[in-house]
Amino acid sequence: MKLDVNVLRYLSKDDFRVLTAVEMGMRNHEIVPCELIDRIARLKHGGTYKVLKNLLKHKLVHHDASKYDGFRLTYLGYDFLAIKTLVNRGVFNGVGRQLGVGKESDIFEVIKEDGTVLAMKLHRLGRVSFRAVKAKRDYLRHRSSYNWLYLSRLAALKEFAFMKALEEHRFPVPQAVDCNRHCVIMSLVPGYPLVQVKELQNPDVVFETILGAVTRLAEHGLIHCDFNEFNIMIDDDEKVTIIDFPQMVSVSHPNAQMYFDRDVECIYKFFAKRYNMSFEDNENDSDGSEVEIEEVGRPQFSEINKNSGFLDKELAASGFTRKDQQELEKLIEGELSDSDDEGTSDEDDAEDINDTNVKQLESLHLEKEDDNRQVVDEHDDNHQVGDTDDPED
Ligand code: ADP
Ligand code: MG
């Protein structure tokens, strides 16, 4: 998705006030009625309507008059709210080129005042992995919290919390810098995803490092669940960094064994195919493999000394609780178990949402409302994104 941050520069305090009002209204409306936006924004002389027109022109909101006259945020609108908040906090002051388009995110470079470049991940749940979200959202039309804003925010919070905890335990992950709404700021990882690396000097060393990381993760109570060549970065010195954590689960998850084996299998398969490594005790040695690794220690889930308390102790401190984890696990479960089955229809997925987890989601959502209140206060300071963004201004 294109992110034209130049627009940020032209947005006034009132524009952001109304944009925030739409965001707040979306807590309990998929489409927020105009009168409600106006009531929340409290601009004088019908100013809200003029501002909404401007926001619509810049595609920050979407107009929907099918049932009543109302608006909802677009991803771009949500992006701008997060970016403005982070700029106001002094986390960065410029957005650079796009680094990657993930399955469920867009990644951009962002630049700090001192020139340091960081990575910004904007979560976009509902794109592929959460393809069930639309159906669920329709189903939950009148339930306040179940929407992409909420899910993307929960995924970002989870990613940030896991990254921080893993970094503290010296796992090779990016450094977690900050998080707001659906946006995570982290250090820029040098190098490329493994999938783009045609040749390695020491494939066996890289392989062992990667497998070691999966095992150590499980010892810490965690399974990555999307551990593959797209989520492992390699730099010029063949140093490994693991990325992409929103789908991680605890080793106490009922399907833990299956997820673990799948992660391990992915790595074995990829190294066999791409780097021509052979692991099996082949009867036939002349299979053309260049690198042979003795199959001494394929990690076995049952043999790992697992500490499933990791989630409770470490992650709760970063603001992501076990309850959050359970909710998110429930929601992504369908996706994890049918990721090989592209034929799953939205209708099927809609059925796994029931009233109980809707209620749980709603109560969770209420606990998290404080974040948004802060944002409204930010409109009262004089800091405009444009002030710091463009040297020509
Ligand atoms: P998704 O959940 O959408 O798969 P990822 O976190 O895997 O998102 O990121 C998608 C791509 O963006 C990665 O494959 C990688 O190329 C790039 N990327 C992600 N995080 C960073 C980072 N911290 N530094 C550099 N590139 C990154
Ligand atoms: Mg990824």
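**Which helix is leucine 315 found in?** Leucine 315 belongs to helix α10, residues 310-316, where helices (H or I, at least four residues) and strands (E, at least two) are DSSP runs numbered from the N terminus. This is a predicted model, in which local features need pLDDT of at least 70, side-chain atom pairs count only at pLDDT 80 or more, and totals for chains, interfaces and linings use all residues. Residues are numbered from 1 along each chain as its sequence is written, chains are lettered from A and ligands numbered from 1 in the order in which they are written, and side-chain values use heavy atoms, with hydrogens and water left out.

**View 1. The whole chain.** Let's start with the full picture: the chain holds 15 helices and 15 strands. Of its 393 residues, 54% count as buried; that word means under 20% relative accessible area, while exposed means over 50% and partly exposed is in between (1.4 Å probe, protein chains only). Take the contacts (heavy atoms within 4.5 Å) between residues at least 6 apart in sequence: 70% of them join residues at least 24 apart.

**View 2. Leucine 315 and its neighbours.** Back to the residue we opened with. Leucine 315 is buried because its relative accessibility is just 1%. Skip the residues up to four places away in sequence, and leucine 315 touches Ala161, Phe162, Ala165, Phe310 and Phe320. Lysine 158 is 157 residues away along the chain, yet the two C-alpha atoms are separated by 8.7 Å.

**View 3. The magnesium ion.** Here we zoom in on ligand 2, a magnesium ion whose protein donors are Asn231 (OD1) and Asp244 (OD), lying 2.1 Å from it. Donors are N, O and S atoms within 2.8 Å of the metal (3.2 Å for Na, K and Ca), and water is not among the atoms, so sites may look incomplete. The pair links distant parts of the chain, 13 residues apart: asparagine 231 is in the loop between β10 (222-223) and β11 (232-234), and aspartate 244 in the loop between β12 (240-242) and β13 (249-250). Both asparagine 231 and aspartate 244 are buried.

**View 4. The largest pocket.** About 750 Å³ of space lies in this pocket. How do you find one? On a 1 Å grid over the protein atoms alone, a pocket is an open set of points where a 1.4 Å probe fits, with protein on both sides within 12 Å along at least five of seven lines; lining residues have an atom within 4 Å of a point. Grid points are joined across faces, edges and corners, and the volume is the space filled by probe spheres set on the points. Of the 31 lining residues, Gly100, Ile107, Pro193, Met233 and Ile243 are the closest to the centre. Strand β4 gives the largest share of the lining, four residues. Sorted by class, the lining has 15 nonpolar, eight polar and eight charged residues. Here Ala, Val, Leu, Ile, Met, Phe, Trp, Tyr, Cys and Pro count as nonpolar, Asp, Glu, Lys and Arg as charged, and the others, Gly among them, as polar.

**View 5. Two nonpolar cores.** A nonpolar core is a set of buried Ala, Val, Leu, Ile, Met, Phe, Trp, Tyr and Cys residues joined through side-chain atoms within 4.5 Å. The largest one has 59 residues, and Leu166, Leu194, Ile210, Ile223 and Phe271 touch the most other members. Helix α7 gives the most to this core, 11 residues. Another core, of 44 residues, lies apart from it and includes Ala41, Leu60, Ala82 and Leu149.

**View 6. Two arginines with a positive phi.** Most residues other than glycine have a negative phi. Arginine 42, though not a glycine, has a positive phi of about 50°, and its place is in the loop between α3 (34-41) and α4 (47-57). Arginine 42 counts as exposed because its relative accessibility is 64%. The other one, arginine 170, has a positive phi near 60° and sits in the loop between α7 and β7 (176-180). Arginine 170 is exposed too, with a relative accessible area of 73%.

**View 7. Serine 252 in its loop.** Serine 252 is in the loop between β13 and α9 (256-274). With a relative accessible area of 45%, serine 252 is partly exposed. Leaving aside neighbours within four places in sequence, serine 252 is in contact with Ser308 and Arg322.
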